[in-house]
Amino acid sequence: MISSAHSTTVDQPPVIEARGVTVAYANGHVALRDASFSLGGGTICGLVGINGSGKSTLFKAIMGFVVPAAGSVLIDGAPVAKAHRRAKVAYVPQSEDVDWSFPVSVWDVALMGRYGSMGFLRIARAEDKRLAMQALEQVGVADLRNRQIGELSGGQRKRVFLARALAQGARIILLDEPFTGVDVRTEAAIIALLERLRSDGCTVLVSTHNLGSVPRFCDRVVIINRTVLAAGPTATTFTRDNLAMAFGGALRRLRVDHTDIPGASCNELTVLTDDENALIMGDDGLPAANEPLQGEGDGAGRGVRR
Ligand SMILES: Nc1ncnc2c1ncn2[C@@H]1O[C@H](COP(=O)(O)OP(=O)(O)O)[C@@H](O)[C@H]1O
Ligand SMILES: [Mg+2]
């Protein structure tokens, strides 16, 4: 039998492992308590949860920006500090965590991806410049390289930070809300890029509350609300019950009948949404539509009743 490209070798440690991670901020707020999950290589994992559920905190714990009060994060079986010394992990922060007034050009940001490989004085070699340029080209913003980062649109900014991550050449890539504030074309381009990274064997952890896109490109899901509520393959984890547990009253539930939604196997569907990109599920509780729902004007599809 041909083994799956996404399987992991049994004797290798997980690429990312959180073991009972508890994070408390200085004001005493416990953002995460006893959070555990593990991820292998060649995976795109969706990190799903409502606002304030601890998604960004989990990224910061993996990056070593916050130190857990209890538990630990391991990268390839070793403490995070070791991985970061080797620039093993690339991180695309959520827009709210970036100071957009900082005077830095698109080119400077892409070159930052190479800092880990440069010496103490951070003098870029020809190879660093080549990789930074290649990364900007890969995400389609090479022509913007002399612009200041603060002058760009939300989608362009996301692409530039993605270029920084690509220039780093890391095998582990964390993206915090990459689809927030970007147009659908940029979202599709980012997803295509992540899929290419996965087929190269990279591990991608991507937070989103864009539920509709999760089953389209994530092979695994971690669902959190101040702890890990569920983690595993998308097919068995991204279920109506788990989402109801994580999102509670934050989700609107609509019923749709007489649909012609691609992939729908029944006439009644459940639409779960906390925003415009709805998740369509059949009566069996499985994702029904593999493509965005084409609505007539309202973006929510036909025959919707509450
Ligand atoms: N620096 C901080 N100090 C105190 N509380 C914080 C800090 N950063 C985040 N929080 C709180 O921790 C919780 C989780 O935040 P966060 O990880 O940003 O959630 P998410 O990314 O899922 O929206 C929220 O209640 C938030 O207000
Ligand atoms: Mg966040």
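**Exercise 1. The six-stranded sheet**

How many bridges join strand 3 (residues 43-48) to strand 8 (residues 203-208), and do these strands run parallel or antiparallel?

*Solution.* The model is predicted: local features require pLDDT of at least 70, side-chain atom pairs count only at pLDDT 80 or more, and totals for chains, interfaces and linings use all residues. Residues are numbered from 1 along each chain as its sequence is written, while chains are lettered from A and ligands numbered from 1 in the order in which they are written.

Step 1. Fix the terms. Helices (H or I, at least four residues) and strands (E, at least two) are DSSP runs, numbered from the N terminus. Two strands pair if DSSP finds at least two bridges between them.

Step 2. Read the pairing. Strand 3 and strand 8 are joined by six bridges and run parallel. Within this pairing, Thr43 has Thr203 of strand 8 as its bridge partner.

Step 3. Place the pair in its sheet. The sheet is open, has six strands in the order 6-7-8-3-9-10, and shows mixed pairing. Strand 6 (89-92) and strand 10 (228-233) are at the edges with a single partner strand each, so one side of each has no neighbour in the sheet. Direction ignored, neighbouring strands of this sheet are turned by 15 degrees against each other on average. Axes are lines fitted to C-alpha atoms, for helices over the stretch in contact, and angles run from 0 to 180 degrees between N-to-C directions.

Step 4. Examine the edge at strand 10. Strand 9 (residues 220-224) pairs with strand 10 in the antiparallel sense over five bridges, and Val222 has Ala231 of strand 10 as its bridge partner. The two strands form a hairpin with three residues between them, and Arg226 in the turn has a positive phi of about 65 degrees.

**Exercise 2. The four-stranded sheet**

Determine the strand order of the open sheet of four strands and follow its pairings.

*Solution.* Step 1. The order is 2-1-4-5, with antiparallel pairing. The edge strands, strand 2 (30-39) and strand 5 (78-79), each pair on one side only.

Step 2. Strand 1 (residues 16-24) is joined to strand 2 by six bridges, and Val23 has Leu32 as its bridge partner in strand 2. Five bridges join strand 1 to strand 4 (residues 70-75), where Ala18 stands opposite Val73.

Step 3. Strand 4 pairs with strand 5 over two bridges; Ile75 has Ala78 of strand 5 as its bridge partner. The hairpin of strand 4 and strand 5 has two residues between the strands, and Asp76 takes a positive phi near 50 degrees.

**Exercise 3. Helix packing**

Describe how helix 5 crosses helix 4 and helix 6.

*Solution.* Two packed helices are described by the angle between their axes and the distance between the axes.

Step 1. The axes of helix 4 (residues 126-138) and helix 5 (residues 154-168) come within 8 Å and cross at roughly 135 degrees. That makes helix 4 oblique to helix 5. Angles under 35 degrees count as roughly parallel, over 145 as roughly antiparallel, 65 to 115 as roughly perpendicular and the rest as oblique.

Step 2. The contact (C-beta atoms, placed from the backbone, within 7 Å) involves Leu131, Ala132, Ala135, Leu136 and Gln138 of helix 4 with Ala163, Leu166 and Ala167 of helix 5. By class, the contact has seven nonpolar, one polar and no charged residues. Here Ala, Val, Leu, Ile, Met, Phe, Trp, Tyr, Cys and Pro count as nonpolar, Asp, Glu, Lys and Arg as charged, and the others, Gly among them, as polar.

Step 3. For helix 5 and helix 6 (residues 184-199), the axes come within 10 Å and cross at roughly 15 degrees. The two helices are therefore roughly parallel to each other. Gly155, Lys158, Arg159 and Leu162 of helix 5 meet Thr186, Ile190 and Leu193 of helix 6; these residues divide into three nonpolar, two polar and two charged.

Step 4. Helix 5 also lies across strand 6 and strand 7 (172-176), at about 175 degrees to strand 6.

**Exercise 4. The shell of ligand 1**

Which element supplies the largest share of the shell around ligand 1?

*Solution.* Step 1. Ligand 1 is surrounded by residues including Tyr25, Asn27, His29 and Lys55, where near means a C-beta atom, placed from the backbone, within 6 Å.

Step 2. Helix 1 (residues 55-63) supplies the largest share, three residues. By class, the shell has two nonpolar, nine polar and one charged residues.

Note on methods: Two residues are in contact if their C-beta atoms, placed from the backbone, lie within 7 Å.
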